[in-house]
Amino acid sequence: MIKNMADFQKVVRENEKIYFVYVDDVCEGTIDLLVQSGEGYKLKACVTSGTFMDCEIRGYEVKSIEHLEQDACVLLTCNTRQDEMVAQLEKKEIKKVEFLEENFKFFALKRLKNRRRGEDTEFLINKMRDQMLKFVPKPYMEYLVFNILDHCNLRCKGCDHFACVADEYIIPHERLHKDIVRMSEILHGDNVMKIAVMGGEPLLHPELLEILKDVRKHFPYAIIRLTTNGLLLLQQNEEFWKTCREYDITIVNTKYPIQLDYAKMKEVAKEQGVKFQYFEGTGDDTVKTSSKKTITLDGTNDPVKSFAQCYISNYGNFVMEGKFYGCPFSCQSYRIFNQKFGKNLRMTEKDYLDIYQVKDMQELFEFSAKPRPYCRYCSGIDRWHEWERSKKDISEWV
Ligand code: SF4
Ligand code: SF4
(Lines give C-alpha, C1' and ligand atoms only; values in the text may rest on other atoms or scores of the structure.)
(Ligands and ions follow the chains in the order given, each with its own letter.)
Protein backbone atom coordinates (compact mmCIF):
# COMPACT_ATOMS: atom_id res chain seq x y z
CA MET A 1 0.00 0.00 0.00
CA ILE A 2 1.44 3.39 -1.01
CA LYS A 3 0.73 5.87 1.77
CA ASN A 4 3.13 8.70 1.00
CA MET A 5 5.81 9.98 -1.36
CA ALA A 6 8.51 7.84 0.29
CA ASP A 7 6.48 4.66 -0.38
CA PHE A 8 5.86 5.82 -3.93
CA GLN A 9 9.55 6.46 -4.60
CA LYS A 10 10.48 3.05 -3.13
CA VAL A 11 8.06 1.23 -5.45
CA VAL A 12 9.32 3.20 -8.45
CA ARG A 13 12.96 2.54 -7.55
CA GLU A 14 12.43 -1.19 -7.24
CA ASN A 15 10.69 -1.73 -10.56
CA GLU A 16 11.83 -1.46 -14.15
CA LYS A 17 8.41 -1.33 -15.74
CA ILE A 18 5.34 0.29 -14.32
CA TYR A 19 1.76 0.31 -15.52
CA PHE A 20 -0.97 2.49 -14.11
CA VAL A 21 -4.31 0.80 -14.08
CA TYR A 22 -7.43 2.78 -14.75
CA VAL A 23 -7.49 6.21 -16.30
CA ASP A 24 -8.92 9.00 -14.21
CA ASP A 25 -7.73 12.13 -12.42
CA VAL A 26 -5.80 10.12 -9.80
CA CYS A 27 -3.94 8.43 -12.64
CA GLU A 28 -3.10 11.77 -14.24
CA GLY A 29 -1.96 13.26 -10.92
CA THR A 30 0.19 10.18 -10.24
CA ILE A 31 1.78 10.52 -13.69
CA ASP A 32 2.72 14.08 -12.74
CA LEU A 33 4.41 12.76 -9.59
CA LEU A 34 6.27 10.11 -11.55
CA VAL A 35 7.48 12.60 -14.14
CA GLN A 36 8.48 15.01 -11.38
CA SER A 37 10.57 12.27 -9.75
CA GLY A 38 12.51 11.86 -13.02
CA GLU A 39 11.46 8.21 -13.37
CA GLY A 40 8.75 8.81 -15.95
CA TYR A 41 10.50 6.50 -18.44
CA LYS A 42 9.47 3.51 -16.33
CA LEU A 43 5.79 4.07 -17.07
CA LYS A 44 5.00 1.80 -20.00
CA ALA A 45 1.31 2.54 -20.39
CA CYS A 46 -1.87 3.43 -18.62
CA VAL A 47 -4.25 0.55 -18.75
CA THR A 48 -7.96 0.63 -18.74
CA SER A 49 -10.98 -1.40 -19.65
CA GLY A 50 -13.84 0.06 -21.63
CA THR A 51 -13.74 2.40 -24.59
CA PHE A 52 -11.15 4.97 -23.47
CA MET A 53 -8.07 3.39 -25.01
CA ASP A 54 -5.66 3.61 -27.91
CA CYS A 55 -5.15 7.25 -26.97
CA GLU A 56 -2.75 9.14 -24.74
CA ILE A 57 -2.83 10.69 -21.32
CA ARG A 58 -0.08 13.25 -20.70
CA GLY A 59 1.85 11.65 -23.58
CA TYR A 60 1.60 8.08 -22.23
CA GLU A 61 -0.28 5.43 -24.17
CA VAL A 62 -3.58 4.15 -22.90
CA LYS A 63 -3.98 0.45 -23.69
CA SER A 64 -6.39 -2.32 -22.91
CA ILE A 65 -5.72 -4.63 -19.98
CA GLU A 66 -4.74 -7.32 -22.50
CA HIS A 67 -1.43 -5.54 -23.07
CA LEU A 68 -0.20 -5.90 -19.50
CA GLU A 69 3.11 -7.71 -19.15
CA GLN A 70 2.91 -10.21 -16.33
CA ASP A 71 6.22 -9.29 -14.70
CA ALA A 72 5.41 -5.57 -14.57
CA CYS A 73 4.48 -3.64 -11.49
CA VAL A 74 0.95 -2.33 -11.53
CA LEU A 75 -0.14 0.74 -9.60
CA LEU A 76 -3.85 0.71 -9.10
CA THR A 77 -4.52 4.39 -9.68
CA CYS A 78 -8.27 4.30 -9.63
CA ASN A 79 -10.70 6.23 -7.55
CA THR A 80 -13.67 4.23 -8.76
CA ARG A 81 -14.24 0.72 -10.13
CA GLN A 82 -11.34 -0.64 -8.04
CA ASP A 83 -13.02 -4.02 -7.36
CA GLU A 84 -13.70 -4.55 -11.03
CA MET A 85 -10.09 -3.78 -11.95
CA VAL A 86 -8.72 -6.06 -9.21
CA ALA A 87 -10.84 -8.92 -10.57
CA GLN A 88 -9.45 -8.34 -14.05
CA LEU A 89 -5.87 -8.27 -12.77
CA GLU A 90 -6.42 -11.53 -10.90
CA LYS A 91 -7.77 -13.09 -14.06
CA LYS A 92 -4.59 -12.02 -15.87
CA GLU A 93 -2.55 -13.44 -12.98
CA ILE A 94 -0.71 -10.19 -12.39
CA LYS A 95 1.31 -10.59 -9.23
CA LYS A 96 2.76 -7.20 -8.40
CA VAL A 97 -0.13 -4.89 -7.65
CA GLU A 98 0.32 -1.77 -5.50
CA PHE A 99 -2.69 0.02 -4.04
CA LEU A 100 -2.80 3.72 -3.31
CA GLU A 101 -4.03 4.79 0.09
CA GLU A 102 -6.78 7.42 0.11
CA ASN A 103 -4.45 10.15 1.44
CA PHE A 104 -2.00 9.51 -1.35
CA LYS A 105 -4.77 9.67 -3.93
CA PHE A 106 -5.77 13.01 -2.43
CA PHE A 107 -2.15 14.16 -2.69
CA ALA A 108 -2.01 13.16 -6.38
CA LEU A 109 -5.30 14.94 -7.06
CA LYS A 110 -4.00 18.10 -5.40
CA ARG A 111 -0.89 17.96 -7.56
CA LEU A 112 -3.09 17.71 -10.65
CA LYS A 113 -5.34 20.54 -9.54
CA ASN A 114 -2.34 22.85 -9.03
CA ARG A 115 -1.02 22.07 -12.50
CA ARG A 116 -4.40 22.67 -14.11
CA ARG A 117 -4.78 25.95 -12.24
CA GLY A 118 -1.40 27.01 -13.66
CA GLU A 119 -2.51 26.07 -17.18
CA ASP A 120 -5.80 27.94 -16.75
CA THR A 121 -3.91 31.01 -15.59
CA GLU A 122 -1.59 30.84 -18.59
CA PHE A 123 -4.59 30.47 -20.92
CA LEU A 124 -6.29 33.48 -19.36
CA ILE A 125 -3.15 35.61 -19.55
CA ASN A 126 -2.74 34.78 -23.25
CA LYS A 127 -6.39 35.55 -23.93
CA MET A 128 -6.19 38.90 -22.14
CA ARG A 129 -2.98 39.77 -23.95
CA ASP A 130 -4.65 39.01 -27.31
CA GLN A 131 -7.62 41.17 -26.34
CA MET A 132 -5.36 44.06 -25.32
CA LEU A 133 -3.51 43.83 -28.63
CA LYS A 134 -6.81 44.51 -30.39
CA PHE A 135 -6.49 48.12 -29.24
CA VAL A 136 -2.98 48.61 -30.64
CA PRO A 137 -2.78 50.12 -34.16
CA LYS A 138 -0.85 47.85 -36.51
CA PRO A 139 2.06 49.08 -38.59
CA TYR A 140 0.34 47.76 -41.72
CA MET A 141 -3.11 46.56 -42.78
CA GLU A 142 -3.54 42.85 -42.38
CA TYR A 143 -6.70 42.18 -44.37
CA LEU A 144 -8.71 44.48 -46.61
CA VAL A 145 -11.97 43.52 -48.30
CA PHE A 146 -13.27 45.21 -51.43
CA ASN A 147 -16.97 44.46 -51.52
CA ILE A 148 -17.93 44.14 -55.19
CA LEU A 149 -21.54 42.97 -54.89
CA ASP A 150 -24.04 41.99 -52.21
CA HIS A 151 -25.88 38.86 -53.29
CA CYS A 152 -24.93 35.21 -53.45
CA ASN A 153 -26.04 32.02 -55.21
CA LEU A 154 -25.58 29.77 -52.17
CA ARG A 155 -27.31 31.65 -49.36
CA CYS A 156 -25.96 30.18 -46.14
CA LYS A 157 -27.81 30.49 -42.87
CA GLY A 158 -26.68 33.47 -40.82
CA CYS A 159 -24.16 34.78 -43.41
CA ASP A 160 -22.01 37.46 -41.74
CA HIS A 161 -22.16 39.54 -44.93
CA PHE A 162 -25.95 39.15 -45.09
CA ALA A 163 -25.61 37.92 -48.68
CA CYS A 164 -28.31 35.31 -48.14
CA VAL A 165 -30.98 38.00 -47.72
CA ALA A 166 -29.48 40.67 -49.97
CA ASP A 167 -31.16 41.95 -53.09
CA GLU A 168 -29.13 41.73 -56.27
CA TYR A 169 -26.72 44.64 -56.09
CA ILE A 170 -23.61 44.95 -58.23
CA ILE A 171 -21.08 47.74 -57.83
CA PRO A 172 -19.88 48.71 -61.32
CA HIS A 173 -16.15 48.50 -61.98
CA GLU A 174 -16.10 52.21 -62.78
CA ARG A 175 -17.25 52.97 -59.21
CA LEU A 176 -14.93 50.41 -57.65
CA HIS A 177 -11.98 51.72 -59.63
CA LYS A 178 -12.12 55.07 -57.82
CA ASP A 179 -12.00 53.35 -54.41
CA ILE A 180 -9.19 51.02 -55.47
CA VAL A 181 -7.09 53.95 -56.70
CA ARG A 182 -7.83 55.99 -53.57
CA MET A 183 -6.98 53.15 -51.19
CA SER A 184 -3.77 52.56 -53.12
CA GLU A 185 -2.92 56.27 -52.76
CA ILE A 186 -3.47 56.19 -49.00
CA LEU A 187 -1.53 52.95 -48.56
CA HIS A 188 1.20 53.95 -51.06
CA GLY A 189 0.35 50.86 -53.12
CA ASP A 190 1.72 48.71 -50.30
CA ASN A 191 1.28 48.32 -46.52
CA VAL A 192 -1.47 45.74 -46.84
CA MET A 193 -0.85 42.04 -46.54
CA LYS A 194 -4.02 40.48 -47.97
CA ILE A 195 -6.79 41.89 -50.13
CA ALA A 196 -10.02 39.97 -50.59
CA VAL A 197 -12.23 40.60 -53.61
CA MET A 198 -15.57 39.32 -52.47
CA GLY A 199 -19.24 39.89 -51.72
CA GLY A 200 -21.60 38.01 -51.87
CA GLU A 201 -20.33 35.65 -54.53
CA PRO A 202 -17.73 37.46 -56.66
CA LEU A 203 -18.08 35.11 -59.65
CA LEU A 204 -21.51 36.67 -60.22
CA HIS A 205 -19.92 40.03 -61.05
CA PRO A 206 -19.90 40.61 -64.85
CA GLU A 207 -16.72 42.75 -64.68
CA LEU A 208 -14.79 40.56 -62.26
CA LEU A 209 -11.69 40.20 -64.42
CA GLU A 210 -11.33 43.95 -64.90
CA ILE A 211 -11.62 44.40 -61.14
CA LEU A 212 -8.97 41.78 -60.40
CA LYS A 213 -6.56 43.36 -62.88
CA ASP A 214 -7.21 46.76 -61.38
CA VAL A 215 -6.56 45.62 -57.82
CA ARG A 216 -3.32 43.94 -58.86
CA LYS A 217 -2.19 47.03 -60.79
CA HIS A 218 -2.66 49.24 -57.72
CA PHE A 219 -1.43 46.75 -55.11
CA PRO A 220 1.53 45.00 -56.73
CA TYR A 221 2.77 43.36 -53.52
CA ALA A 222 -0.39 42.19 -51.75
CA ILE A 223 -1.77 38.66 -51.67
CA ILE A 224 -5.01 39.06 -53.65
CA ARG A 225 -7.69 36.56 -52.74
CA LEU A 226 -10.74 35.81 -54.83
CA THR A 227 -12.98 34.42 -52.11
CA THR A 228 -15.60 32.18 -53.70
CA ASN A 229 -18.07 29.47 -52.77
CA GLY A 230 -16.95 27.69 -55.94
CA LEU A 231 -20.41 27.02 -57.39
CA LEU A 232 -19.46 28.63 -60.69
CA LEU A 233 -15.75 27.93 -60.68
CA LEU A 234 -15.71 24.98 -63.07
CA GLN A 235 -17.74 26.97 -65.60
CA GLN A 236 -15.10 29.69 -65.94
CA ASN A 237 -13.46 30.20 -69.31
CA GLU A 238 -9.81 30.32 -70.33
CA GLU A 239 -9.76 34.10 -69.98
CA PHE A 240 -10.63 33.78 -66.28
CA TRP A 241 -7.84 31.31 -65.59
CA LYS A 242 -5.35 33.32 -67.64
CA THR A 243 -6.17 36.47 -65.63
CA CYS A 244 -5.81 34.68 -62.32
CA ARG A 245 -2.50 33.21 -63.42
CA GLU A 246 -0.99 36.35 -64.94
CA TYR A 247 -2.19 38.70 -62.21
CA ASP A 248 -1.25 36.34 -59.39
CA ILE A 249 -4.72 35.93 -57.92
CA THR A 250 -5.24 33.26 -55.27
CA ILE A 251 -8.56 31.47 -55.46
CA VAL A 252 -9.82 30.94 -51.92
CA ASN A 253 -12.58 28.38 -51.88
CA THR A 254 -14.77 27.58 -48.92
CA LYS A 255 -15.66 23.90 -48.82
CA TYR A 256 -19.35 23.50 -48.02
CA PRO A 257 -21.21 20.27 -47.28
CA ILE A 258 -22.93 20.29 -50.69
CA GLN A 259 -22.56 18.21 -53.85
CA LEU A 260 -19.70 19.97 -55.63
CA ASP A 261 -16.60 18.47 -57.20
CA TYR A 262 -14.07 20.21 -54.94
CA ALA A 263 -11.27 17.86 -55.96
CA LYS A 264 -11.82 18.81 -59.58
CA MET A 265 -11.63 22.54 -58.76
CA LYS A 266 -8.30 22.04 -57.07
CA GLU A 267 -7.06 19.93 -59.97
CA VAL A 268 -8.14 22.46 -62.63
CA ALA A 269 -6.49 25.32 -60.71
CA LYS A 270 -3.30 23.28 -60.55
CA GLU A 271 -3.41 22.50 -64.27
CA GLN A 272 -3.98 26.18 -65.00
CA GLY A 273 -1.06 27.22 -62.77
CA VAL A 274 -3.36 29.24 -60.51
CA LYS A 275 -2.87 29.44 -56.75
CA PHE A 276 -5.72 27.70 -54.94
CA GLN A 277 -6.44 27.22 -51.27
CA TYR A 278 -9.37 26.40 -49.06
CA PHE A 279 -10.71 29.11 -46.82
CA GLU A 280 -9.29 29.01 -43.30
CA GLY A 281 -11.22 26.50 -41.25
CA THR A 282 -12.14 24.31 -44.23
CA GLY A 283 -9.82 22.01 -46.09
CA ASP A 284 -9.31 18.66 -47.81
CA ASP A 285 -11.03 16.71 -45.05
CA THR A 286 -12.87 19.47 -43.29
CA VAL A 287 -16.09 20.99 -44.44
CA LYS A 288 -17.52 24.19 -43.18
CA THR A 289 -19.47 24.71 -40.03
CA SER A 290 -20.90 28.19 -39.65
CA SER A 291 -20.19 30.91 -37.17
CA LYS A 292 -22.22 34.00 -36.64
CA LYS A 293 -22.25 37.03 -34.45
CA THR A 294 -25.58 37.72 -32.90
CA ILE A 295 -27.27 41.09 -33.17
CA THR A 296 -28.62 42.86 -30.10
CA LEU A 297 -31.43 44.93 -31.58
CA ASP A 298 -31.57 47.55 -28.82
CA GLY A 299 -27.78 48.10 -28.94
CA THR A 300 -27.24 47.52 -25.22
CA ASN A 301 -23.95 45.61 -25.48
CA ASP A 302 -20.75 47.17 -24.20
CA PRO A 303 -19.05 48.10 -27.51
CA VAL A 304 -15.56 47.95 -25.98
CA LYS A 305 -16.14 44.43 -24.70
CA SER A 306 -17.66 43.23 -27.99
CA PHE A 307 -14.70 44.71 -29.85
CA ALA A 308 -12.18 43.09 -27.50
CA GLN A 309 -13.77 39.65 -27.90
CA CYS A 310 -14.27 39.84 -31.65
CA TYR A 311 -11.93 37.83 -33.87
CA ILE A 312 -12.36 40.17 -36.81
CA SER A 313 -11.84 43.49 -34.99
CA ASN A 314 -8.59 45.28 -35.88
CA TYR A 315 -8.17 42.72 -38.65
CA GLY A 316 -10.85 42.50 -41.37
CA ASN A 317 -11.34 46.00 -42.79
CA PHE A 318 -13.99 46.61 -45.40
CA VAL A 319 -14.37 49.13 -48.21
CA MET A 320 -17.79 49.83 -49.68
CA GLU A 321 -18.66 52.75 -51.95
CA GLY A 322 -16.10 55.23 -50.69
CA LYS A 323 -16.32 54.29 -47.02
CA PHE A 324 -13.87 52.39 -44.86
CA TYR A 325 -15.43 50.19 -42.15
CA GLY A 326 -13.74 48.26 -39.38
CA CYS A 327 -15.53 45.06 -40.40
CA PRO A 328 -18.02 43.72 -43.00
CA PHE A 329 -20.59 42.99 -40.29
CA SER A 330 -21.27 46.62 -39.41
CA CYS A 331 -21.61 47.90 -42.98
CA GLN A 332 -23.70 45.01 -44.25
CA SER A 333 -26.01 44.64 -41.26
CA TYR A 334 -26.70 48.36 -41.44
CA ARG A 335 -27.42 48.28 -45.17
CA ILE A 336 -29.00 44.87 -45.67
CA PHE A 337 -30.34 43.56 -42.34
CA ASN A 338 -32.09 46.82 -41.48
CA GLN A 339 -33.75 47.01 -44.85
CA LYS A 340 -34.71 43.33 -45.05
CA PHE A 341 -36.19 43.08 -41.56
CA GLY A 342 -37.40 46.66 -41.07
CA LYS A 343 -35.04 47.37 -38.15
CA ASN A 344 -33.21 50.47 -37.13
CA LEU A 345 -29.62 49.71 -36.14
CA ARG A 346 -28.19 53.21 -36.21
CA MET A 347 -24.90 54.05 -37.82
CA THR A 348 -23.08 57.21 -36.82
CA GLU A 349 -20.27 59.15 -38.48
CA LYS A 350 -17.89 57.54 -35.98
CA ASP A 351 -18.56 54.12 -37.49
CA TYR A 352 -16.67 54.62 -40.75
CA LEU A 353 -14.18 56.87 -42.50
CA ASP A 354 -14.76 58.60 -45.79
CA ILE A 355 -11.72 57.42 -47.75
CA TYR A 356 -11.65 60.69 -49.73
CA GLN A 357 -11.22 62.65 -46.47
CA VAL A 358 -8.61 60.37 -44.85
CA LYS A 359 -5.24 62.12 -44.33
CA ASP A 360 -2.92 59.15 -44.27
CA MET A 361 -2.68 55.43 -43.62
CA GLN A 362 -2.06 56.00 -39.91
CA GLU A 363 -5.60 57.32 -39.63
CA LEU A 364 -6.91 54.01 -41.04
CA PHE A 365 -4.75 51.93 -38.69
CA GLU A 366 -5.89 53.95 -35.66
CA PHE A 367 -9.53 53.76 -36.67
CA SER A 368 -9.25 49.99 -37.09
CA ALA A 369 -7.89 49.61 -33.54
CA LYS A 370 -10.75 51.49 -31.87
CA PRO A 371 -14.18 50.14 -30.87
CA ARG A 372 -16.94 51.87 -32.80
CA PRO A 373 -20.39 52.79 -31.43
CA TYR A 374 -21.91 50.23 -33.81
CA CYS A 375 -20.15 47.39 -31.92
CA ARG A 376 -22.88 47.78 -29.29
CA TYR A 377 -25.28 45.95 -31.62
CA CYS A 378 -22.91 43.03 -32.01
CA SER A 379 -22.10 40.13 -29.70
CA GLY A 380 -18.47 40.16 -30.85
CA ILE A 381 -18.29 36.45 -30.00
CA ASP A 382 -19.08 33.90 -32.69
CA ARG A 383 -21.58 31.12 -32.11
CA TRP A 384 -21.06 27.94 -34.12
CA HIS A 385 -23.70 25.84 -35.81
CA GLU A 386 -23.93 23.20 -38.50
CA TRP A 387 -23.93 24.64 -41.98
CA GLU A 388 -27.35 24.84 -43.67
CA ARG A 389 -29.14 27.03 -46.14
CA SER A 390 -30.80 30.19 -44.94
CA LYS A 391 -34.52 30.25 -44.36
CA LYS A 392 -34.21 34.06 -44.47
CA ASP A 393 -35.51 34.30 -40.94
CA ILE A 394 -34.41 37.01 -38.53
CA SER A 395 -33.70 34.35 -35.88
CA GLU A 396 -30.54 33.47 -37.83
CA TRP A 397 -28.97 36.65 -36.41
CA VAL A 398 -31.00 37.73 -33.41
S1 SF4 B 1 -21.35 31.52 -49.75
FE2 SF4 B 1 -20.37 33.08 -48.49
S3 SF4 B 1 -21.29 35.02 -49.13
FE4 SF4 B 1 -22.59 33.35 -49.90
S5 SF4 B 1 -24.16 33.17 -48.31
FE6 SF4 B 1 -22.54 31.68 -47.88
S7 SF4 B 1 -21.18 32.72 -46.42
FE8 SF4 B 1 -22.47 34.29 -47.39
S1 SF4 C 1 -19.30 45.41 -35.12
FE2 SF4 C 1 -17.48 45.47 -33.77
S3 SF4 C 1 -17.65 43.62 -32.57
FE4 SF4 C 1 -19.01 43.33 -34.32
S5 SF4 C 1 -17.82 42.32 -35.93
FE6 SF4 C 1 -17.57 44.50 -36.23
S7 SF4 C 1 -15.69 45.03 -35.08
FE8 SF4 C 1 -16.40 43.06 -34.34
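Here is a short walk through this structure, from its overall layout down to a few single residues. Keep in mind that the model is predicted.

Let's start with the big picture. The protein is split into two parts, domain 1 (5-127) and domain 2 (134-396). If you take the C-alpha centre of each domain, the two centres sit 50 Å apart.

Now find Lys42, which lies in the loop joining α2 (25-36) to β2 (43-48). Is Lys42 buried or exposed? It falls in between: Lys42 counts as partly exposed because 16 other C-beta atoms lie within 10 Å, while being buried would take 20 or more. Leaving aside residues up to four places away in sequence, Lys42 touches Val12, Asn15, Glu16, Lys17 and Ile18. Glu66 is 24 residues along the chain from Lys42, and their C-alpha atoms are 19 Å apart.

Next, jump to helix α10, which covers residues 328-341. Its 14 residues reach 18 Å from first C-alpha to last, close to the 20 Å expected. Follow the helix along and you'll meet a bend of about 35 degrees at Tyr334. Tyr334 is also one of the buried residues of α10, which include Pro328, Cys331 and Phe337. Just past the helix, Gly342 has a positive phi of about 60 degrees.

Helix α10 also brings us to ligand 2, since α9 (303-309), α10 and β16 (378-386) each give at least two residues to the shell around that ligand. What makes up this shell of 14 residues? The closest ones are Cys310, Ser313, Cys327, Cys375 and Cys378. Sorted by class, the shell has eight nonpolar, five polar and one charged residues.

Conventions
Residues are numbered from 1 along each chain as its sequence is written. Chains are lettered from A and ligands numbered from 1 in the order in which they are written. This is a predicted model: local features need pLDDT of at least 70, side-chain atom pairs count only at pLDDT 80 or more; totals for chains, interfaces and linings use all residues. Helices (H or I, at least four residues) and strands (E, at least two) are DSSP runs, numbered from the N terminus. The expected span of a helix is 1.5 Å times one less than its number of residues. The bend at a residue is the angle between axes fitted to the seven residues ending there and the seven starting there. A residue is buried if 20 or more other C-beta atoms lie within 10 Å of its own, exposed if 12 or fewer, and partly exposed in between; C-beta atoms are placed from the backbone. A residue is near a molecule or strand if its C-beta atom, placed from the backbone, lies within 6 Å of it. Ala, Val, Leu, Ile, Met, Phe, Trp, Tyr, Cys and Pro count as nonpolar, Asp, Glu, Lys and Arg as charged, and the others, Gly among them, as polar. Domain bounds come from an automatic or database domain assignment. Two residues are in contact if their C-beta atoms, placed from the backbone, lie within 7 Å.
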